[in-house]
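These are my notes from a session with the coordinates open. I looked up single residues as well as totals for each chain.

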Amino acid sequence: MHNWNESLIRGLWFFTASFAVLSVFFIIFFLLKDAVPLFQTVSVQDFIFGNTWNPTGATPSYGVFPLIVDTLLVTLGAMVIAVPLGLGSAVYLSELAPSKVKAVAKPAIELLAGIPSVVYGFFGLIVLTDWLRVAFDVPSGESWLAGSILLGVMALPTIISVSEDALNMVPQMFREGSLALGSTHWQTISRVLIPSALSGITAAVILGMGRVIGETMAVIMVCGNAAIIPEPITNVLSPVRTLTGTLGIEMGEVAVGSLHYSALFAVAVVLLVITLIVNLSAVWILKHIRSKQSAEVPKRHFISPNNEWFWPAVRAVLAVLIVLAVFFLFPPLPAAVLMVFLAALIYAKDRISPNISQKIAFVLLRGAIAVVLCVLGIILLYIIVNGLPALSWEFLTQPPRDLGRAGGIFPAIVGTLYLVAGAISFALPIGIGAAIYLSEYTRGSSRITGIIRTGIDLLNGMPSIVFGLFGFAFLVIFLNFGVSLLAGMITLGLMVLPTIIRTTEESLKSVPTSVREGSLALGSTKWQTIRRVVLPPALPGILTGTILSIGRAAGETAPILFTAAVFSKRFLPTSVYEPVMALPYHLFILATNVPGATKNQYGTALVLLILVVAIYAVAIWIRNRYQKNVRW
Amino acid sequence: MVNMTTEAAVISTKGLNLYYGDNHALQDINISFERNRVTALIGPSGCGKSTLIRCFNRMNDLVDNVRVQGQILFDGEDIASPRTDVVEIRKRIGMVFQKPNPFPKSVYENVAYGPRVHGIKDKKILDQIVEKSLKDAALWDEVKDRLHASALGLSGGQQQRLCIARTLAVEPEVILMDEPCSSLDPIATTKIEDLIEELKKRYTVIIVTHNMQQAARSSDYTGFMYLGKLIEFGETCQIFEAPGERLTENYVTGRFG
Ligand SMILES: Nc1ncnc2c1ncn2[C@@H]1O[C@H](COP(=O)(O)OP(=O)(O)OP(=O)(O)O)[C@@H](O)[C@H]1O
Ligand SMILES: [Mg+2]
C-alpha cells in the first residue's frame with residue numbers, strides 16, 4: 001500500500017536535512033567567490049608565506065603568515081593551560097568527587113560554558129591584562145599570554161565535560177578487575193581508566209582546541225592585535241593577532257569589493273582550512289585509537305614497539321628534546337633549576353611507594369578542580385559585585401545616552417530578544433526535521449546520509465566569525481537585506497542549527513527500538529509512531545538542546561558584528577530590515593571604544609551574564625530532572 | 001555443621017552482617033574456608049553469594065551506602081575494619097569475575113599489569129611471570145603466538161582463563177571466583193574446572209556457582225545460602241548426599257519453589 005501522506009512527510013524531513021548541507025556549500029562558495037579576486041593580484045605563495053600583514057599601508061601587503069603563526073601559538077598556549085586543568089578536573093569529578101561536591105561542581109562547570117565570550121573578553125580586558133601588566137612589569141598586558149589564559153579557561157568546560165563522559169563510560173568491570181589485583185585507586189585510574197577512555201579524552205582535547213581556534217571576541221579584547229610573530233618566538237608577553245581577530249577588527253571598516261575585502265575572505269578560507277584539519281585529525285585519531293583497541297590481531301610492524309631497544313630509544317630522544325626545549329625557553333638559571341627538579345621527579349617516580357604517589361596525584365587532582373572553580377568564582381563575583389550598583393529600573397528601561405556612558409540598555413535587551421527569537425524560529429523547524437530524518441528515516445550509512453552528516457559536522461566546526469562573514473557577503477550584500485535584524489536572525493540561526501540537530505538526534509536515538517517496534521506492530525504508520533511514541537519521551541532532550549542554543553545565540557557577538565548590530569539606536573526596530581542594538585555588541589563597544597563608561601560596562605556585562613546563565617540554568621535543570629525520571 | 005579448627009582456616013567470618021541501605025543482605029554469617037581446599041557457595045539468585053565473597057576482597061567498598069558489621073578474619077587479622085589496607089588485602093586475595101573483564105590491552109599487558117603495578121620492572125622477570133601464569137591458566141599454547149594482540153580478540157573462555165592468569169600473576173593466597181563459568185560453553189567450562197582442580201594444590205579457592213554438578217565435581221566443601229543466611233555448610237558429598245536441612249535438600253535436588 002502506498003501512502004502519500006507518509007512519503008510527503010518523509011520528503012519534508014529530507015528537505016530540511018539537505019538544508020544543512022546546502023548551507024555548507026553556500027557558505028564555502030560565497031567565501032571562495034569573494035576570496036578569489038585577491039589572487040589575481042597576490043600570489044598564493046605571497047599570501048600564505050608573506051611576512052607582513054598591512055592591507056591599509058601605502059603599499060598594502062597581504063602576508064598572512066604571522067596571523068597563522070599567532071593563531072597556532074595562542075592555541076598551543078591555551079591547550080598547555082587547559083589540558084592539565086581540564087583532565088585533572090574530569091578525573092576528579094568522575095573518580096574522586098563525593099556526590100555532594102559533584103552535584104555542585106558539574107553544573108558550575110556547565111555554567112562556565114554558558115558565559116558569553118564577550119563577557120570573558122571583558123573580564124580579560126579589565127582584570128587579566130591588568131594583572132599581567134603589574135605582575136610582569138610591562139607597559140601593556142594585552143598579549144599572547146593573556147589570550148592563552150583566557151582561551152584556556154574558555155576551553156575548560158568542553159574538555160572537562162567530554163572527558164568526564166568518556167571516563168564514566170569505561171565499564172565498571174575494568175575498574176573492579178584492576179582493583180581486585182591489588183592496584184591502588186590511582187594506579188587503576190592512570191593505567192586502566194585513562195588509557196581506556198583515551199579516544200574520548202582525545203576528542204575532548206580536540207573539541208576544546210576547535211573552540212579556541214574559532215574564538216573571536218575574547219581574542220580581540222586581550223591579545224593586543226599586532227600582526228607580528230613574537231620576538232623571540234617564546235616571548236609570551238608579545239602582542240599577537242589571530243586570524244579570527246583580524247576578521248573581527250577589519251571587516252567592519254573595509255570597502256566592499258576592494259582588494260582588502262577579498263583578502264579578508266581569503267583569511268576566512270585559511271581559518272576554515274585550519275579548523276577542517278583539526279576536525280579531520282580528530283576523526284583520524286579516534287579511528288586509529290579504536291582500531292588499536294579493537295579485537296583484530298594487529299599487522300606485524302616493521303619496528304615492533306616490543307623490541308628491547310625501542311622504548312629506551314624513544315625515551316632517550318624525548319629526554320634530549322625536553323632538555324633542549326627547556327634551555328631554549330628559559331634563561332640559564334631557571335632552566336638549570338627546572339632540569340634538576342625534573343631529574344629528581346623522574347628519579348623519585350619509580351622509587352616512591354604506590355601509596356605516596358597516589359597521595360601526590362590526588363592532591364594535584366583536587367588542586368586542578370579547585371583552580372577551575374576559583375576561576376569561575378572570581379569571574380562571576382567580579383562582574384556581579386561591580387555590576388550590581390549599575391542596575392536600576394532606568395538602566396533596564398531607558399535607551400542609552402552620551403554614547404552609552406549614561407542612560408540604559410533597553411533597546412539592546414529587546415534587540416537581543418528579537419534576534420534570538422528569530423534565529424530559533426528559523427533553526428528549530430529545520431533542525432528538528434533534519435534530526436528526525438537522520439535518526440528515523442535512515443539506516444546506518446547510505447551515501448546521502450553520509451554527506452548530510454559530514455555537512456552538519458562541518459557546520460558545527462565552523463568558527464562563528466565565518467558565519468558572520470557569510471551573512472555579510474550573502475545576506476547583507478548579495479540579497480541586499482542590508483545590515484538588518486533579518487540578516488542577523490538567519491546568521492545566528494545557521495550557527496545554532498548543528499547544535500539543535502545533534503541534541504535532537506541524540507534524544508531520539510535514546511528512545512529504544514523496542515518502543516518503535518511495539519507501536520509499528522500495532523499497525524500504526526511510521527509517522528504516527530514517531531509522533532506518538534518517539535517524540536514525546538524525546539521532548540525534554542530536544543528542549544534542552546533548544547534552550548542551550550538560545551543561550552548561545554543570545555551571547556554570540558561575532559555573527560552579528562557585521563550583519564545586524566549597531567551601537568546606538570534610540571528606537572526599537574519596526575521592521576526586520578532595520579538594524580538593532582544587541583547586548584553582547586553593546587558591551588564589546590563600551591569596553592573597547594568608549595572611554596569613561598565603566599559603570600555601564602559592568603551593568604551590561606551583568607545583564608548579559610544573568611540572561612545567558614539563567615537560560616543555561618533552565619536547560620541544565622530540565623535535563624537533570626528528566627535524567628532522573630526516565631530510565632529505559 | 002562441621003567445625004573446622006581455626007588453624008587450617010584461611011578466611012573465617014564471625015557474625016558478619018551487611019546492609020545495602022535498608023536491605024539486610026547478609027545476616028549473621030559464620031563460615032570458615034580451609035587452606036588449599038575448594039569451597040563452593042550455592043544458593044538461589046539474590047541470596048547474597050556475590051555479596052559475601054566481595055566482602056573478602058573489600059570490593060563492596062565501591063558500592064555506596066554499604067554497611068558491614070562483624071569480623072572477617074584473614075590469617076587472624078580482621079580485614080573488615082576500616083584500618084585495613086585494602087590494596088594489600090586485594091594482592092593476597094585475588095578475584096575472578098562472572099563476566100570475563102580483560103582490560104582493553106594486549107594479552108601480555110593484561111597479565112603483566114598486576115606485577116607491574118606492584119613494582120616489577122625487569123622485562124625478563126615479567127616475561128617469565130607472564131609465561132608461567134598463562135601456562136598455569138592452561139592458556140599458553142593458545143595465545144603464545146599472539147601475546148601482543150588485543151585481549152578482546154580472544155574467545156569468552158580464553159578471556160576468562162586470561163583473567164585467571166592475570167590473577168595468578170599476582171600470586172595471591174586465595175582466589176575468589178564469582179560464577180566464573182556462567183558465560184561459557186560446556187567445553188570451556190570443563191577447561192576451567194580442570195584448572196580449578198590444579199589450582200587447589202597451591203591456592204585456596206572459593207567459588208560461587210549455580211551449577212550443582214560443578215559444585216559437586218570440583219569442590220571439597222559446600223555452603224548453601226538462602227535469603228542472606230548461611231543455611232548449611234559441610235563437606236560437599238555430605239551436602240549433596242545427606243543434607244541436614246530441608247531447604248538444602250530441596251535446592252540440591254532441584255525441587256525448589
Ligand atoms: N550494589 C548493590 N546495591 C544494592 N543492593 C544490592 C547490590 N548488590 C546486591 N544487592 C542486593 O543484595 C542481595 C544479594 O545480592 P547478591 O548479588 O549478593 O546475590 P547472589 O547470590 O550473588 O545472586 P546471583 O546468583 O543472582 O548472582 C540482593 O537482594 C541484591 O538485590
Ligand atoms: Mg552473584
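**Entry 1: Ile42(B).** I looked up Ile42(B) and found it in strand β3 of chain B, which covers residues 38-42. The model is a predicted one, and I read every value below with that in mind. I asked whether Ile42(B) is buried or exposed. Its relative accessible area is 0%, so I entered Ile42(B) as buried.

Next I listed what touches Ile42(B), setting aside neighbours within four places in sequence. One of the contacts is Lys49(B). Further along the chain I noted Thr209(B), Met212(B) and Ala215(B). I also wrote down Thr222(B), Gly223(B), Phe224(B) and Met225(B) as contacts of Ile42(B). Phe240(B), Tyr251(B) and Val252(B) are on the list too.

I then took a C-alpha distance from Ile42(B) to Glu179(B), and it came to 9.9 Å. In sequence these two residues are 137 positions apart.

**Entry 2: Glu179(B).** That distance led me to Glu179(B) itself. I placed Glu179(B) in the loop of chain B that runs between β7 (174-178) and α7 (186-199). Its phi is positive, at about 45°, and the residue is not a glycine. Glu179(B) counts as buried because its relative accessibility is 12%, and the cut-off for buried is under 20%.

**Entry 3: Asn17(B).** Which strand holds Asn17(B)? I found Asn17(B) in β1 of chain B, residues 9-20. With 13% relative accessibility, Asn17(B) goes down as buried.

Leaving out neighbours within four places, I found Asn17(B) in contact with His24(B), Leu26(B), Gln27(B) and Asp28(B). Its contacts also include Arg67(B), Val68(B) and Gln69(B). For Gln69(B) I checked the separation from Asn17(B): 52 residues in sequence, and 5.0 Å from C-alpha to C-alpha.

**Entry 4: chain B as a whole.** I counted 10 helices and 10 strands in chain B. Of its 257 residues, 56% are buried. Among contacts with a separation of 6 or more, I found that 68% join residues 24 or more positions apart.

For overall dimensions I noted that the C-alpha trace of chain B spans about 55 × 40 × 35 Å along its principal axes. I compared the radius of gyration, 18 Å, with the value near 18 Å for a compact globule of 257 residues, and the two agree.

The accessible surface of chain B is about 11000 Å², and carbon and sulfur atoms hold 47% of that. I found 31 positive and 34 negative side chains in chain B. The centres of these two sets are 4 Å apart.

**Entry 5: chain A as a whole.** I turned to chain A and recorded 25 helices and four strands. Buried residues are 50% of its 632 residues. Contacts between residues 24 or more positions apart make up 77% of those with a separation of 6 or more.

Along the principal axes, the C-alpha trace of chain A spans about 75 × 75 × 55 Å. Does the radius of gyration agree or disagree with that of a compact globule? I noted 26 Å for chain A, which agrees with the value near 26 Å for a globule of 632 residues.

Chain A exposes about 29300 Å², with 69% of it from carbon and sulfur atoms. I listed 39 positive and 28 negative side chains for chain A, with the centres of the two sets 9 Å apart.

I also looked up the domain assignment of chain A. It gives domain 1 as 69-306, domain 2 as 311-355 and domain 3 as 389-632. Between the C-alpha centres of domain 2 and domain 3 of chain A I noted 48 Å.

**Entry 6: two residues of chain A.** I found Ser99(A) in helix α5 of chain A, residues 99-114. Its relative accessibility is 61%, so I entered Ser99(A) as exposed. From Ser99(A) to Val618(A) the C-alpha distance is 21 Å, across 519 residues of sequence.

Last, I looked up Asn225(A), in the loop between α11 (217-222) and α12 (243-250) of chain A. Asn225(A) has a positive phi of about 60° and is not a glycine. Its relative accessible area is 18%, and Asn225(A) therefore counts as buried, given the cut-off of under 20%.

Conventions
Residues are numbered from 1 along each chain as its sequence is written. Chains are lettered from A and ligands numbered from 1 in the order in which they are written. This is a predicted model: local features need pLDDT of at least 70, side-chain atom pairs count only at pLDDT 80 or more; totals for chains, interfaces and linings use all residues. Side-chain values use heavy atoms; hydrogens and water are left out. The radius of gyration is taken over C-alpha atoms; the globule rule is 2.2 Å times the number of residues to the power 0.38. Buried means under 20% relative accessible area, exposed over 50%, partly exposed in between (1.4 Å probe, protein chains only). Contact means heavy atoms within 4.5 Å. Accessible areas come from the Shrake-Rupley method with a 1.4 Å probe; for residues, only the protein chains shown count as cover. Lys and Arg count as positive and Asp and Glu as negative; His and the chain ends are not counted. The place of a charge is taken as NZ of Lys, CZ of Arg, CG of Asp or CD of Glu. Domain bounds come from an automatic or database domain assignment.
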